[in-house]
Amino acid sequence: QPWGLLGEPSPRSRGKKLLVLDLDETLVHSSFKPPPNPSIVLPVEIDGKKFKVYVLVRPGAAQFLKNMQKYYEVIIYTASLSKYADPLMDILDEDRSCSNRLFREHCTFYQNMYVKDLSELGRDMRDVIIIDNSPTAYLF
C-alpha cells in the first residue's frame, strides 16, 4: 500500500498537515467505576460479558475536533480496543471531523507496550503532529 495505514488523503485533507490525537487521557477519561456526572455511559462487551464504561469528555473536545479539521487532516490513534473506541468516537465525533480512526490492532506491540508507529501512516513525517499523554506511545 503506497499510502500506508491511512490510505490516500481525502480531498478535504489534501495538502494539510496530519494531526494525530490520542483518545484516552487526551480527549476523554474512561473508567469502569462511575464518576459523578459521566458525559457518556458506553455499553461494551468484553469476552462475552457486558460492562458499562463511564466516560468523562474533556470540555470542548467535540468543538476542538470540528475546529481542527479546518486546518489539519485529523485522525484518532488509540491503543484502545476498537469495540470500545469506535462507538465512543461515533458519539464524540458525530460530524466525522476525524478522517480516520486507528486502534490497538494498528499499533506495534513492543516491550509489553502498544506503540504507534507514525512512519506506518503513509504521510511525510515532517507533516505529522501527535498529541498524546504518553511519550512511550510514539517511541519510534
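Here is an informal walk through the sheets, cores, largest pocket and one buried residue of this structure. Keep in mind that the model is predicted.

**Two sheets**

Let's start with the strands. One open sheet is built from four of them, in the order S6-S5-S1-S9, and its pairing is parallel. At its edges sit strand S6 (100-102) and strand S9 (128-131), each pairing on one side only. The other open sheet has three strands in the order S2-S4-S3, with antiparallel pairing. Here S2 and S3 take the edge places with a single partner strand each, so one side of each has no neighbour in the sheet.

This table puts the two sheets side by side.

| Strand order | Pairing | Average turn between neighbouring strands, direction ignored |
|---|---|---|
| S6-S5-S1-S9 | parallel | 25° |
| S2-S4-S3 | antiparallel | 30° |

Now for some detail inside each sheet. S1 and S5 run parallel and are joined by five bridges, and Val20 stands opposite Ile75 in S5. In the antiparallel sheet, seven bridges link S3 and S4, with Ile46 standing opposite Lys49 in S4.

**Helices on the sheets**

Which strands does H1 touch as it packs on the parallel sheet? H1 touches S1 and S5, and its direction makes about 165° with that of S1. H2, meanwhile, lies across S2, S3 and S4 and runs at about 155° to S3.

**Nonpolar cores**

In soluble globular proteins, nonpolar side chains tend to be buried together. In this model the largest nonpolar core has 22 residues, and those with the most contacts inside it are Leu23, Leu27, Val28, Leu65, Tyr84, Leu88 and Leu92. The elements giving two or more residues to this core include strand S1 (17-21), strand S3 (40-46) and strand S4 (49-57), along with helix H1 (61-68), strand S5 (72-77) and helix H2 (82-92). H2 supplies the largest share of this core, five residues.

There is also a second, separate core of ten residues, and among them are Leu6, Val20, Tyr77 and Leu118.

Tyr84 is worth a look on its own. Leaving aside residues up to four places away in sequence, Tyr84 touches Leu23, Asp24, Val28, Ser30, Leu42, Val44 and Val53.

**The largest pocket**

How much space lies in the largest pocket? About 190 Å³. Tyr84 turns up here as well, lining the pocket together with Asp24, Ser30, Ser31, Phe32, Val44, Ile46, Val53, Leu81 and Lys83. The elements that give two or more residues to this lining are strand S2 (28-31), S3 and H2.

**A look at Glu73**

Back on the parallel sheet, Glu73 is found in strand S5. Is Glu73 buried or exposed? Glu73 counts as buried because its relative accessibility is 3%, and the cut-off for buried is under 20%.

What does Glu73 touch, not counting residues up to four places away in sequence? Its contacts are Leu6, Pro9, Ser13, Lys16, Lys17, Leu18, Leu19, Ser99 and Arg123. One of these, Leu6, also belongs to the second core. Leu42 is another matter: it lies 31 residues from Glu73 along the chain, and the C-alpha atoms of the two are separated by 27 Å. Leu42 is, however, one of the residues that Tyr84 touches.

Methods:
Residues are numbered from 1 along each chain as its sequence is written. This is a predicted model: local features need pLDDT of at least 70, side-chain atom pairs count only at pLDDT 80 or more; totals for chains, interfaces and linings use all residues. Side-chain values use heavy atoms; hydrogens and water are left out. A nonpolar core is a set of buried Ala, Val, Leu, Ile, Met, Phe, Trp, Tyr and Cys residues joined through side-chain atoms within 4.5 Å. Buried means under 20% relative accessible area, exposed over 50%, partly exposed in between (1.4 Å probe, protein chains only). Helices (H or I, at least four residues) and strands (E, at least two) are DSSP runs, numbered from the N terminus. Contact means heavy atoms within 4.5 Å. Two strands pair if DSSP finds at least two bridges between them. Axes are lines fitted to C-alpha atoms, for helices over the stretch in contact, and angles run from 0 to 180 degrees between N-to-C directions. On a 1 Å grid over the protein atoms alone, a cavity is a set of points where a 1.4 Å probe fits but cannot get out, and a pocket is an open set with protein on both sides within 12 Å along at least five of seven lines; lining residues have an atom within 4 Å of a point. Grid points are joined across faces, edges and corners, and a volume is the space filled by probe spheres set on the points.
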